[in-house]
Amino acid sequence: MTEFLTAAVGLILALLALGLVSILRGPGDADRMMAAQLIGTAGIAVLLLLGTVTGVPAAVDVALILALLATFASIAFVKKGLARLETDEASSAGDK
């Protein structure tokens, strides 16, 4: 079972590398944010799998903290987008 979990960690890390490429080449902010969410989710999965394989319970705590940070990053991204949208609407209403 340990070999299977280790292979799963390797696969997730390979997909994480593809996510990094997406961040570097992403055409827009939303694409980059989705890639960052992918990286956060993959990081959580890797930490949980490695914690199971090695028997380190602290890895679960670190994974939970990473999940909280990813959530706050998403919220900040959405708030920034809404503020930009409101600014654009106000400036276009002033042009009329």
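The questions and answers below look at the helices and the overall form of a predicted model.

Q: How many helices and how many strands are there in the protein chain?
A: Read along the sequence of this predicted model, the protein chain follows the pattern α-α-α. The count of elements in the protein chain is therefore three helices and zero strands.

Q: Is helix α1 roughly parallel or roughly antiparallel to helix α2?
A: Two packed helices are described by the angle between their axes and the distance between the axes. Here the axes of α1, which covers residues 2-25, and α2, which covers residues 29-54, come within 9 Å and cross at roughly 160°. Because angles over 145 degrees count as roughly antiparallel, α1 is, relative to α2, roughly antiparallel.

Q: Which class of residues, nonpolar, polar or charged, has 20 members in the contact of α1 with α2?
A: The crossing of α1 and α2 is left-handed. In the contact of these two helices, five residues are polar and one is charged, while the class with 20 residues is nonpolar.

Q: What radius of gyration does the protein chain have, beside that of a compact globule of 96 residues?
A: Taken along the principal axes, the C-alpha atoms of the protein chain fill a box of roughly 65 × 25 × 15 Å. A compact globule of 96 residues would have a radius of gyration near 12 Å, whereas the protein chain has 18 Å.

Q: What percentage of the 96 residues of the protein chain count as buried?
A: A residue counts as buried if its relative accessible area is under 20%. Among the 96 residues of the protein chain, the share that counts as buried is 19%.

Key. Residues are numbered from 1 along each chain as its sequence is written. This is a predicted model: local features need pLDDT of at least 70, side-chain atom pairs count only at pLDDT 80 or more; totals for chains, interfaces and linings use all residues. Side-chain values use heavy atoms; hydrogens and water are left out. Axes are lines fitted to C-alpha atoms, for helices over the stretch in contact, and angles run from 0 to 180 degrees between N-to-C directions. Helices (H or I, at least four residues) and strands (E, at least two) are DSSP runs, numbered from the N terminus. Angles under 35 degrees count as roughly parallel, over 145 as roughly antiparallel, 65 to 115 as roughly perpendicular and the rest as oblique. A crossing is left-handed if the near helix is turned anticlockwise from the far one by less than a right angle, and right-handed if clockwise. Ala, Val, Leu, Ile, Met, Phe, Trp, Tyr, Cys and Pro count as nonpolar, Asp, Glu, Lys and Arg as charged, and the others, Gly among them, as polar. The radius of gyration is taken over C-alpha atoms; the globule rule is 2.2 Å times the number of residues to the power 0.38. Buried means under 20% relative accessible area, exposed over 50%, partly exposed in between (1.4 Å probe, protein chains only).
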